[in-house]
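Got a few minutes to look at a model together? Here it comes.

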Amino acid sequence: MIKANLQLDAKGLACPMPIVKTKKAITDLEEGQVLEVQATDKGSKADLAAWASSVGHQYLGTVEEGDVFYHYIRKGSSEPEVEKTFEHTVSLNEIESRDGLILDVREEAEYAFGHIEGAKSIPLGELESRLEELNKEQEIYVVCRTGKRSDMAAQILAKNGFTKVYNVLPGMTEWNGKLTKEV
Amino acid sequence: MSNKVAIIAANGGLFDAYKVFNIATAAAASEKEVQIFFTFEGLNLIHKQAMHALEMPAGKEHLTEGFEKANVPTIPQLVEMAQELGVKFIACQMTMDVMGLTKEDFVDGIEVGGAVTFLEYAKDASPTLTF
């Protein structure tokens with residue numbers, strides 16, 4: 001089961017209802033949160049992916065179980081691009097050859113649909129309460145989708161006494177290597 | 001990229017209604033501004049009584065079952081949803097005059113206008129669709 005902030009039951013509904021319901025449901029979410037849309041309409045997969053990209057949300061992927069499609073969409077952000085301030089950075093193509101932990105701070109659903117092999121998942125929102133899972137002696141390479149959330153995560157780690165922390169830039173959007181899925 | 005979709009509904013059968021309202025609601029749900037210009041038989045689609053009894057094309061009556069099985073919303077439901085999503089309905093004044101209809105014959109919340117009203121809206125819309 002993939003973690004989502006909200007589930008929408010659109011099973012049994014025909015086009016265009018899954019889209020209309022999704023549009024309404026996503027207004028209840030905050031930016032960055034994940035919506036699960038359950039649908040049986042076979043066209044919903046292509047429709048939701050196209051809809052998400054046209055209105056600025058992030059389509060993560062779909063899991064099929066029997067006749068039901070579980071679609072995952074992360075609510076897009078209208079925030080302007082903020083400057084990344086964490087000074088220790090490392091480029092994406094270097095991290096495979098380095099020792100240490102790759103920490104993926106995207107939402108669990110984003111991680112599930114594709115992450116770097118061996119990466120550990122702790123979503124940014126949970127990081128402060130899960131610091132004990134991390135080792136201060138180890139190099140930690142923090143990665144997200146575009147480098148924005150990982151920048152914030154790296155700052156949180158530094159504030160909590162982690163010294164061997166690097167923000168990985170640019171982020172998973174540019175990752176061309178192998179992807180591990182958990183769906 | 002234009003954020004406006006302009007639709008002309010000029011036919012009054014059940015299939016025509018689905019084409020018009022499916023595209024309209026999908027566009028509105030994708031955060032587009034949508035206007036539909038209802039003219040000639042297209043006025044059936046928002047007529048208080050006629051919209052409940054739109055006809056299938058001759059010879060296609062057997063598809064009634066298919067519509068039920070696919071759980072397709074009814075036309076009045078789609079009309080309501082389209083309006084809820086902000087789709088604007090414009091009924092053609094000239095056709096209404098010819099058919100002896102008034103604004104009260106149609107669902108609430110429509111506007112009445114002429115061809116120029118629609119053309120002004122549609123001049124920078126993309127796409128403009130005719131059904």
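What follows is a chat about the chains, the place where they touch, and one arginine.

Reader: Before we start, what kind of model is this, and how are residues numbered?

Author: This is a predicted model, in which local features need pLDDT of at least 70 and side-chain atom pairs count only at pLDDT 80 or more, while totals for chains, interfaces and linings use all residues. Side-chain values use heavy atoms, leaving out hydrogens and water, chains are lettered from A and ligands numbered from 1 in the order in which they are written, and residues are numbered from 1 along each chain as its sequence is written.

Reader: What pattern of helices and strands does chain A follow?

Author: Helices (DSSP runs of H or I, at least four residues) and strands (E, at least two) are numbered from the N terminus. Chain A has 4 helices and 9 strands. Read along the sequence, the pattern is β-α-β-α-β-β-β-β-α-β-β-α-β.

Reader: What radius of gyration does chain A have?

Author: That radius is taken over C-alpha atoms, and the globule rule is 2.2 Å times the number of residues to the power 0.38. For 183 residues a compact globule would come out near 16 Å, and the value for chain A agrees with that: 17 Å.

Reader: And how many helices and strands does chain B have, and what share of chain B is buried?

Author: Chain B has 5 helices and 5 strands. Its radius of gyration of 14 Å is close to the 14 Å of the globule rule for 131 residues, so chain B is as compact as a globular protein of that length. Counting as buried takes under 20% relative accessible area, with exposed being over 50% and partly exposed in between (1.4 Å probe, protein chains only). Of the 131 residues of chain B, the buried share is 44%.

Reader: Now the meeting place: how much area do chain A and chain B bury between them?

Author: Contact means heavy atoms within 4.5 Å, and 13 residues of chain A are in contact with 15 residues of chain B. Buried area is the accessible area (1.4 Å probe) that two parts lose on being put together, summed over both. Carbon and sulfur atoms hold 62% of it here, and the total is about 1100 Å².

Reader: Which three residues supply the most of chain A's part?

Author: Look for a trio that gives 36% of the area chain A buries against chain B, more than any other three residues. They are A:Pro16, A:Val20 and A:Lys23.

Reader: Which side chains form the salt bridge between the chains?

Author: A salt bridge needs a side-chain nitrogen of Lys or Arg within 4 Å of a carboxyl oxygen of Asp or Glu. The rule finds 1 across this interface. At 2.7 Å from N to O, the partners are B:Glu84 and A:Lys24.

Reader: Which element gives the most residues to chain A's side of that interface?

Author: Two elements of chain A give two or more residues there, α1 (17-26) and α2 (44-55). With 5 residues, the one that gives the most is α1(A).

Reader: Last one: is A:Arg106 buried or exposed?

Author: A:Arg106 sits in the loop between β6 (101-104) and α3 (108-112) of chain A. Its side chain reaches the backbone oxygen of A:Gly114 at 2.8 Å. Among the residues in contact with A:Arg106, beyond its neighbours within four places in sequence, are A:Tyr111, A:His115 and A:Met172. At 6% relative accessibility, A:Arg106 counts as buried.

Notes:
Polar contact = N/O pair within 3.5 Å; in protein donor to acceptor, adjacent residues only side chain to side chain.
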